[in-house]
Amino acid sequence: MRVDVVSIFPDYLAPLRLSLVGKAIETGLIDLAVHDLRDWTHDRHRTVDDTPYGGGAGMVMRPEPWGEALDDLVPAGTDARLLIMTPSGRPFDQRLAAELAAEPRVIIACGRYEGIDARVAEHAATRMRVDEVSIGDYVLNGGEAAALVIIEAFARLIPGVIGNPESLAEESHSADHDQLLEYPVYTKPAAWRGLEVPEVLLSGHHGRITAWRHERAVELTRRRRPELLPDAERTDELEVRPAV
Ligand SMILES: Nc1ccc2ncsc2c1
């Protein structure tokens, strides 16, 4: 898979050369190229922003550098998927991560300031698939952190990137795990600062361990993310219990 990232802070993407994604790059599973948007400017100050039409605070990223960058990175007739990082985008989730892991080519546009001129997405959509994507409802200074999150999330799903693919199976939000949150995990020592590992996990009884883990996953999901519960596991907190 080829991944291009365009940003005015390309060094922000340096961590991608480390750890899991870095290994995938070294082994050739991922071909990563990070570009400085200012390479597609032509004025002395390498200007990438301007004041917003209609007024308002802040600055907007000019369309011309983005247009030229995408022209160079995605020649006519190339099949590519453009992800534009923006707080007003569709929520990023594991389903989208899995979709992206299967793409041959992904370009990630990291917006800054008040955002990128809307015509960039509109024009790109005439010749490639475009998704405006958000990693959550909070304030960041730009899209670079989001690009790091999204690349890690889909890169680890590419076959061969993770050593043991079985470890993908039971992770929180994975389709194999009914979208439940992951159950609590423990390792040695069996007792630590007066806290014991749940006895069932030491029992060697795999059926009981599996059941206990599912119960803990449902309990955790019900408490922290009830909207993720499958219908079969939903119980109404205010459920009226018959008087004894
Ligand atoms: N502030 C903010 C929040 C989410 C997000 N996702 C991609 S860029 C971005 C920026």
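## Residues around the ligand

Twelve names make up the surroundings of the ligand: Met-85, Thr-86, Pro-87, Val-133, Ser-134, Ile-135, Gly-136, Tyr-138, Val-139, Leu-140, Gly-143 and Ala-146. A residue is counted here if one of its heavy atoms lies within 4 Å of the ligand. This is a predicted model, in which local features need pLDDT of at least 70 and side-chain atom pairs count only at pLDDT 80 or more, while totals for chains, interfaces and linings use all residues. Residues are numbered from 1 along each chain as its sequence is written, and side-chain values use heavy atoms, with hydrogens and water left out.

By type, the shell holds eight nonpolar residues, four polar ones and no charged ones. In this division Ala, Val, Leu, Ile, Met, Phe, Trp, Tyr, Cys and Pro are nonpolar, Asp, Glu, Lys and Arg are charged, and the others, Gly among them, are polar.

## Contacts and cover

Polar backbone atoms of three residues are listed with a ligand nitrogen atom: the distance is 3.0 Å for Ile-135, 2.9 Å for Tyr-138 and 2.8 Å for Leu-140. A polar contact is a pair of N or O atoms within 3.5 Å; within protein, one must be able to donate a hydrogen and the other to accept it, and residues adjacent in sequence count only if both atoms are side-chain atoms.

On its own the ligand has 280 Å² of accessible area, and the protein covers 97% of it. Such areas come from the Shrake-Rupley method with a 1.4 Å probe; for residues, only the protein chains shown count as cover.

## Elements of the shell

Strand E5 (81–91) and strand E7 (129–134) are the elements that give two or more residues to the shell around the ligand. The largest share, three residues, comes from E5. Helices (H or I, at least four residues) and strands (E, at least two) are DSSP runs, numbered from the N terminus.

## Domains

The chain is divided into domain 1 (2–155) and domain 2 (178–240), with bounds from an automatic or database domain assignment. Their C-alpha centres lie 38 Å apart.

## Backbone details

Lys-188 and Pro-189 are joined by a cis peptide bond with omega of about 5°. Pro-189 is placed in the loop between helix H5 (144–155) and strand E8 (191–192).

Ser-19 is not a glycine, yet its phi is positive, at about 50°. This residue, Ser-19, is found in helix H1 (residues 19–26).
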